[in-house]
Amino acid sequence: MAKILIVEDNALNIKLFCDLLAAHGHLPEAVTDSRNALDAARSFEPDLVITDIQLPHVSGLDLIRMIRKDAQLAGVPIMAVTAYSARGDEERIRAAGAQAYVSKPISVVRFAQTVDELLMTGSDKDPTGESPASWANESDGGAGPSETGGEEN
């Protein structure tokens, strides 16, 4: 059983993610306020973090960067989930330090497969084969709509 932290501000998405993860034998923990996500991650000690990108207060990209810089959490794999999928977003998300990117509306099968892959490979290896040396060290090319926060479906 893996401990999985979910950072998401939409109640329906939280329920969907938690139900899917629990059905696959995992222990999900949800955080709805991104300002509390880093502290929650430190206390929960997750095996995987799943975060929305377009969050109020602290964007998902900023949260990913904060996790990558935290000594306790730096090795935890991260999966980004977002409805906003403009050109270049996946590259920015991966450059911030996420190993996987799933767009909403999610495919239940793809979501479950990505979770399983990340739990098997951990943060040492990106399931896509990218080098971890590139994570969190690249510029994101400037702020875009996905970093502004706000409501997302």
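The expected span of a helix is taken here as 1.5 Å times one less than its number of residues, where helices (H or I, at least four residues) and strands (E, at least two) are DSSP runs, numbered from the N terminus. By that yardstick the 14 residues of H5 should span 20 Å, and the end C-alpha atoms of H5 are indeed 20 Å apart, so the two agree. The model is a predicted one, with local features needing pLDDT of at least 70, side-chain atom pairs counting only at pLDDT 80 or more, and totals for chains, interfaces and linings using all residues. Residues are numbered from 1 along each chain as its sequence is written, and side-chain values use heavy atoms, with hydrogens and water left out.

Overall, the chain has five helices and five strands, and along the sequence these run β-α-β-α-β-α-β-α-β-α. Of the 153 residues, 52% count as buried; buried is under 20% relative accessible area, exposed is over 50%, and partly exposed is in between (1.4 Å probe, protein chains only). Contacts (heavy atoms within 4.5 Å) reach well along the chain: among those between residues at least 6 apart in sequence, 68% join residues at least 24 apart.

Next come the nonpolar cores, each a set of buried Ala, Val, Leu, Ile, Met, Phe, Trp, Tyr and Cys residues joined through side-chain atoms within 4.5 Å. The largest has 24 residues, and Leu 5, Ile 64, Ile 67 and Ile 93 touch the most other members. At least two residues of this core come from each of strand E1 (3–7), helix H2 (37–44), helix H3 (60–69), strand E4 (78–82) and helix H4 (89–96). H2 gives the largest share, five residues. A second core, of 18 residues, lies apart from this one and has Phe 17, Val 102, Phe 111 and Leu 118 among its members. As a general matter, nonpolar side chains tend to be buried together in soluble globular proteins. Back in the largest core, and leaving aside neighbours within four places in sequence, Ile 64 is in contact with Thr 51, Ile 53, Ile 78, Ala 80, Ile 93, Ala 96, Gly 97 and Ala 98.

On the aromatic side, the structure holds one pair. Rings of Phe, Tyr and Trp (its six-membered ring) pair if their centres lie within 6.5 Å; planes under 30 degrees apart count as stacked, over 60 as edge-to-face and the rest as tilted. The centres of Phe 17 and Phe 111 are 5.0 Å apart with planes at 15 degrees, so this pair is stacked. Phe 17 sits in helix H1 (residues 11–23) and Phe 111 in helix H5 (residues 108–121), so to speak a link between distant parts of the chain, 94 residues apart. Both Phe 17 and Phe 111 are buried. Elsewhere, Lys 3 lies over the face of Phe 44, at 5.1 Å from the ring centre; the criterion is NZ of Lys or CZ of Arg within 6 Å of the ring centre and within 35 degrees of the ring normal.

As for H5 itself, Phe 111, Ala 112, Thr 114, Val 115 and Leu 118 are buried. Down the helix axis, the buried residues of H5 fall within an arc of 160 degrees, so they line one face; the arc is that of the directions from the helix axis to the C-beta atoms. Val 109 and Met 120 are exposed on the face turned away from that buried side. The cover over the buried residues of H5 includes E1, H1, strand E3 (48–52), E4 and strand E5 (100–103). H4 is largely enclosed by the rest of the structure, because six of its eight residues are buried: Asp 89, Arg 92, Ile 93, Arg 94, Ala 95 and Ala 96. H3, E4 and E5 are among the elements covering them.

A few backbone oddities round things off. Most residues other than glycine have a negative phi, and most peptide bonds are trans. Lys 104 and Pro 105 are joined by a cis peptide bond, with omega about -5 degrees, and Pro 105 lies in the loop between E5 and H5. Glu 45, in the loop between H2 and E3, has a positive phi near 50 degrees. His 57, in the loop between E3 and H3, has a positive phi of about 75 degrees and counts as exposed because its relative accessibility is 56%.
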